[in-house]
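User: Please take one part of this model and examine it closely, then follow its surroundings outward. I would like a single connected account with the criteria stated.

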Amino acid sequence: MKVGLYYGSETGNSEMLCEDIETELGGEYDCHISSLADVNPSTLAKDTFYIFVTSTYGNGDLPSTALPFEEAILGQAPDLSGVRFAIFGLGDQVFAETFNHGSQKLMQMLLDRKAEMIGVRGLHDASGFDMPEDVALPWVAGIMEQLQAAKAA
Ligand SMILES: Cc1cc2nc3c(=O)[nH]c(=O)nc-3n(C[C@H](O)[C@H](O)[C@H](O)COP(=O)(O)O)c2cc1C
């Protein structure tokens, strides 16, 4: 199965995390990493499972590299019925009022366009003790189990 690992990042953490996820899944799945800056939401396909990884910046916004994707999905309003995804957010509880709002916003945009979410949104807190991959890799393992279970049902 094809897995698209799409990141929105300002300083590289989300991109590095996608590389870690690719290393974890690469033996079993056909993974492809891309910046959201290079993705047109209208091209999201039903035969691919998407894992979005994004940080939060500004006043609870998506990072600048993901803003063109946000603009396109709001402007084009594509019908994403049948597109399946999971989402992992990187944030920092120092920004308590906007903690991980970027991933929340992206999740809501995809759901509003009728994409199907697998599992719950994964969250990393840069103020905590865990590295992003310590949280994300077990989360990904659980997501892929749920995806396989959904396929078998
Ligand atoms: C200027 C600045 C603003 C930030 N704003 C938020 C925020 O509003 N909410 C949040 O949860 N994290 C916020 N963060 C934390 C980042 O999302 C976090 O450090 C993340 O790991 C960065 O990942 P990236 O390198 O992929 O962009 C901010 C960080 C910086 C430097």
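Analyst: Helix H3 is followed by Lys114, whose phi is positive, near 80 degrees. The model is a predicted one, in which local features need pLDDT of at least 70 and side-chain atom pairs count only at pLDDT 80 or more, whereas totals for chains, interfaces and linings use all residues. Residues are numbered from 1 along each chain as its sequence is written. Helices (H or I, at least four residues) and strands (E, at least two) are DSSP runs, numbered from the N terminus.

H3 itself covers residues 101-112. At 1.5 Å a residue its 12 residues should span 16 Å, and the end C-alpha atoms are 16 Å apart, which agrees; the expected span is 1.5 Å times one less than the number of residues. Within H3, Gly102, Ser103, Leu106, Met107 and Leu110 are buried. They cover an arc of only 130 degrees around the axis, which puts them on the same side of H3; the arc is that of the directions from the helix axis to the C-beta atoms. An α-helix has 3.6 residues a turn, so residues three or four places apart point the same way. Gln108 and Asp112 are exposed on the face of H3 turned away from its buried side. Here a residue is buried if 20 or more other C-beta atoms lie within 10 Å of its own, exposed if 12 or fewer, and partly exposed in between, with C-beta atoms placed from the backbone.

The buried residues of H3 pack against strands S1 (2-8), S3 (48-55), S4 and S5 (116-117), contact being defined by C-beta atoms, placed from the backbone, that lie within 7 Å. Strand S4 (84-91) leads to the ligand, since together with helix H1 (13-25) S4 gives two or more residues to the shell around the ligand.

S4 also pairs with S6 in the parallel sense over 4 bridges, where pairing requires at least two DSSP bridges between the strands. One partnership joins Phe88 to Gly122 in S6. Along S6 (residues 122-125) the side chains alternate: Gly122 and His124 are buried and point to one face, while Leu123 and Asp125 point to the other and are not buried.

S4 and S6, along with H1, are also what the buried residues of helix H4 pack against. These residues are Pro132, Ala136, Trp139, Val140, Ile143 and Met144. Seen down the axis of H4, they fall within an arc of 145 degrees, so they line one face of the helix.

Methods:
Two residues are in contact if their C-beta atoms, placed from the backbone, lie within 7 Å.
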